[in-house]
Amino acid sequence: MGDRYRITGKSHGITFTELMITLFFFNVTLLAIIGVISLMLRSSQKSIDLSSGTLVAGEVLDQFLENNPVPAIGQLQGELYSEGLHFEYKIDVIQVYPKLKKIEAKIFWWSSATEYREGYGQLFTTVTTMATEKDD
């Protein structure tokens, strides 16, 4: 009955092959986690940049309406620098109804080549408002 619980053969512990397989799977898992974190940071930075562009578009549109209380139908293009970024804008004024105009400001800018911004190219955003002409 004592032989029943006796260990036969030698116990070697972990082999070199088992160690290499374990390290391989550990490295693959670690690289996947780093990739996901990098993707999240890039996505977060892009959202911040798009929010900044929307703010600039709103400022451009507000300034345009302040300088042109009765905007003429047509298109205006320009550029500006804000927070170290170069923005280009295009403002379209379209007659919708006899006394109603649609004013659309499109802002374009390139992402700077930083670690988290690289690869998503030219960004743009659009802000639209309506303006009415007052009776004289």
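Which side chain meets Glu-104 in a salt bridge of 3.9 Å, N to O? Lys-106 does. That contact appears in one of the close-ups below, all taken from a predicted model.

**View 1. The whole chain runs α-β-β-β-β from the N terminus.** The protein chain holds one helix and four strands. It has 136 residues, and 22% of them count as buried. The chain exposes about 10500 Å². Carbon and sulfur atoms supply 59% of that area. Among contacts with a separation of 6 or more, 49% join residues 24 or more positions apart.

**View 2. Glu-104 sits at the centre of a salt-bridge network.** Two salt bridges are counted in the model. One joins the side chains of Glu-104 and Lys-102, at 4.0 Å from N to O. The other joins Glu-104 and Lys-106, at 3.9 Å from N to O. Glu-104 is a shared partner, and the bridges tie Lys-102, Glu-104 and Lys-106 into one network. Is Glu-104 buried or exposed? Its relative accessibility is 15%, so Glu-104 counts as buried. Lys-102 is partly exposed, because its relative accessible area is 29%. Lys-106 is also partly exposed, with a value of 25%.

**View 3. Glu-104 contacts residues from elsewhere in the sequence.** Glu-104 lies in strand 3. What does Glu-104 touch once neighbours within four places in sequence are left aside? Lys-90, Ile-91 and Asp-92 are in contact with it. So are Thr-126, Val-127 and Thr-128. Strand 4 covers residues 122-132, and strand 2 covers residues 85-97. The relative accessible area of Glu-104 is 15%, which means that this residue falls under the 20% limit for buried.

**View 4. The largest nonpolar core has 17 residues.** Which residues have the most contacts inside this core? They are Val-60, Phe-87, Ile-91, Ile-103, Ile-107 and Trp-109. Helix 1, strand 2, strand 3 and strand 4 each give two or more residues to the core. In soluble globular proteins, nonpolar side chains tend to be buried together.

**View 5. Ile-103 is one of the core residues with the most contacts.** This close-up follows its partners, leaving aside neighbours within four places in sequence. Ile-103 is in contact with Leu-61, Phe-64, Leu-65 and Pro-71. It also contacts Ile-91, Asp-92 and Val-93. Val-127, Thr-128, Thr-129 and Ala-131 complete the list. Ile-91 and Asp-92 are on the contact list of Glu-104 too.

**View 6. Phe-24 and Phe-25 form an aromatic pair.** The model has two aromatic pairs. In this one, Phe-24 and Phe-25 meet edge-to-face. Their ring centres are 5.4 Å apart, with 70° between the planes. An angle over 60 degrees counts as edge-to-face, so the 70° of this pair fits that class. Phe-24 is exposed, and Phe-25 is exposed as well.

**View 7. Phe-108 and Phe-124 form a tilted aromatic pair.** The centres lie 6.1 Å apart, and the planes make an angle of 35°. The pair links distant parts of the chain. Phe-108 belongs to strand 3 (residues 100-110), and Phe-124 to strand 4 (residues 122-132). The two are 16 residues apart. Phe-108 counts as partly exposed because its relative accessibility is 24%. Phe-124 has 53% relative accessibility and therefore counts as exposed.

**View 8. A nonpolar patch lies on the surface.** Ile-14, Phe-16, Leu-19, Met-20 and Leu-23 form it. Together they have about 500 Å² of accessible area. Where is Ile-14 found? It is in the segment before helix 1 (16-67). Ile-14 counts as exposed, because its relative accessibility is 60%.

**View 9. Val-96 is found in strand 2.** Its relative accessible area is 38%, so Val-96 is partly exposed. Val-96 touches Lys-101, Lys-102 and Met-130, not counting residues up to four places away in sequence. Lys-102 is also part of the salt-bridge network with Glu-104 and Lys-106. How far apart in space are Val-96 and Thr-132, C-alpha to C-alpha? The distance is 10.0 Å, while 36 residues separate them in sequence.

Technical notes: Residues numbered from 1 in each chain as written. Predicted model: local features only at pLDDT ≥ 70, side-chain atom pairs only at ≥ 80, totals over all residues. Heavy atoms only, no water. Phe/Tyr/Trp six-rings, centres within 6.5 Å; stacked < 30°, edge-to-face > 60°. Buried < 20%, exposed > 50% of the residue type's maximum accessible area, 1.4 Å probe, protein only. Contact = heavy atoms within 4.5 Å. Patch = residues over 30% accessible without salt bridge, like charges linked within 9 Å, V, L, I, M, F, W, Y side chains within 5 Å. Areas by Shrake-Rupley, 256 points an atom, 1.4 Å probe, with all protein chains shown as cover. Core = buried A, V, L, I, M, F, W, Y, C linked by side-chain atoms within 4.5 Å.
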